Amino acid sequence: MASGFALRGTVVRALCGKGNSLNLNSNQWKSVPEFVSRFPKLSVLLLCYNSLSDLPSHFQSLNHLTELNLGNNALREIPIAISYLGSLRKLYLYRNKIDVVSPDAIGSLRDLVVLNLNHNKIKRLPPEIGRLKKLQLLSMIDNKLEELPGEIGCLKKLSELNLTFNNLSRLPRQLYFCMNLVQLYAARNRLINLPEGITALTKLRVLDVAGNMLSIFPVEFHLLHLKELRCEGNWLIKRKPVPLHPRPEILPLKELAARFVLLEVRKQFSLINLSLPHYPEVNVLLSSSSFCTECNSPFLTTWLECVQFVNLKKDMKMKTSLTIPVRALLCSYKCFRAQDPFYYAIERK
């Protein structure tokens, strides 16, 4: 009886226009009561800890809603009625039974800033996730994600991404287009490696990749300005020198030509640089080139893949003194010897 009076008081206050939020948490609702549609100017609606399995069509009238919390319900998919809530900025759908994210359900939420899908059964996100241009926080803790769409790179304002406890074996390279990413959590997945180019995330400060299957970090990883790195529980390479016997540096003609062209490309007004647009097949070939970690010279084929051991405290100004292996690509034996014993050959089994 007391809870009934409390609920009645909440509804009366909303009807009188004294508040723009409605708290209907923990009322064992199996469907959204009809009276909710009487508040078209409602901005915050809380429906946590109920037994909702869908949203009614009259829900579409709440076009001023900016925050909707449907956590701890019985939803199996994101209700299509949500797609009509064009003003929505915060959407919480944690602890439901969602296994499918419909493109139609989220693709029109252009003002969404926070999306919480924690503790569901989602295996994939649709490419339409890339339409959420204003999204700043995406949290998908404890799902069954097997992959992320490349369209994740369209989320230019994303500052926090939490993918902890999923089934990801890789992260898409497009993730590094999220230039405002500050916190990236990908612990307890099945990651074998991180894509090269992570240094593009210049604002990244927290990276959690604990409990994966990483053996080495990408080239120039130590150039990131991280404040916190969690990487325990991986299969990281240990500092164990492997003998490397000098070998003749006899490069094939294709490699020699490629290195020459790549050097000429750096010169703005060189004849080769000006001619390249007329040879698209050459551009495609050169697109797979790399740069020597030691001398920064370009090359087409990796002459030697090495590892350098980076101390987080000394080299990255972090609080921990942990040492991690970072991948290094070298163009010659000369560069390998330049920092001896700074580089170590990788033992392949």
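Buried, in this talk, means under 20% relative accessible area; exposed is over 50%, and partly exposed is in between, with a 1.4 Å probe and protein chains only. Hold on to that, and start with Cys306, which is buried at 0% relative accessibility.

A quick word on the model. It is predicted, so local features need pLDDT of at least 70 and side-chain atom pairs count only at pLDDT 80 or more, while totals for chains, interfaces and linings use all residues. Numbering runs from 1 along each chain as its sequence is written, and side-chain values use heavy atoms, with hydrogens and water left out.

Back to the cysteines. How many disulfides does a search of the whole structure find? Zero. A disulfide here is a pair of cysteine sulfur atoms within 2.5 Å. For Cys306, the closest cysteine sulfur is in Cys292, and that is 9.1 Å away, too far for a bond. Cys48 is buried too, at 4% relative accessible area.

Now salt bridges. I count one when a side-chain nitrogen of Lys or Arg is within 4 Å of a carboxyl oxygen of Asp or Glu. The whole structure has eight. Let me walk you through three pairs.

Pair one is Glu146 with Arg124, where the closest N and O atoms are 3.3 Å apart. Glu146 sits in the loop between β6 (137-139) and β7 (160-162), and Arg124 in the loop between β5 (114-116) and β6, so the bridge ties together parts 22 residues apart in sequence. Strands, by the way, are DSSP runs of E, at least two residues, and helices are runs of H or I, at least four, numbered from the N terminus. Glu146 is partly exposed at 34%. Arg124 is partly exposed at 45%. There is a third partner here: Arg124, Glu146 and Glu147 are linked in a network of salt bridges.

Pair two is Arg327 with Glu196, with closest N and O atoms 2.6 Å apart. Arg327 is in strand β14 (residues 323-330), and Glu196 is in the loop between β8 (183-185) and β9 (206-208), so this pair ties together parts 131 residues apart in sequence. Arg327 is buried, at 19%. Glu196 is partly exposed, at 24%.

Pair three is Asp208 with Arg230, at 3.5 Å, N to O. Asp208 lies in β9 and Arg230 in β10 (residues 228-230), so parts 22 residues apart in sequence are tied together. Is Asp208 buried or exposed? Buried, at 9%. Arg230 is partly exposed, at 30%.

Next, the loop between β8 and β9 again. Ile192 is there. Its C-alpha is 7.0 Å from that of Asn212, and the two are 20 residues apart in sequence. Beyond its neighbours within four places in sequence, Ile192 is in contact (heavy atoms within 4.5 Å) with Ser169, Met213, Leu214 and Ser215.

Last, the second largest pocket. On a 1 Å grid over the protein atoms alone, a pocket is an open set of points where a 1.4 Å probe fits, with protein on both sides within 12 Å along at least five of seven lines; lining residues have an atom within 4 Å of a point. The volume is about 270 Å³. Which residues lie nearest its centre? Val219, Ser289, Ser290, Phe291 and Leu329, out of 13 lining residues. β11 (290-291) and β14 each supply at least two residues of that lining.

Notes. Grid points are joined across faces, edges and corners, and a volume is the space filled by probe spheres set on the points.
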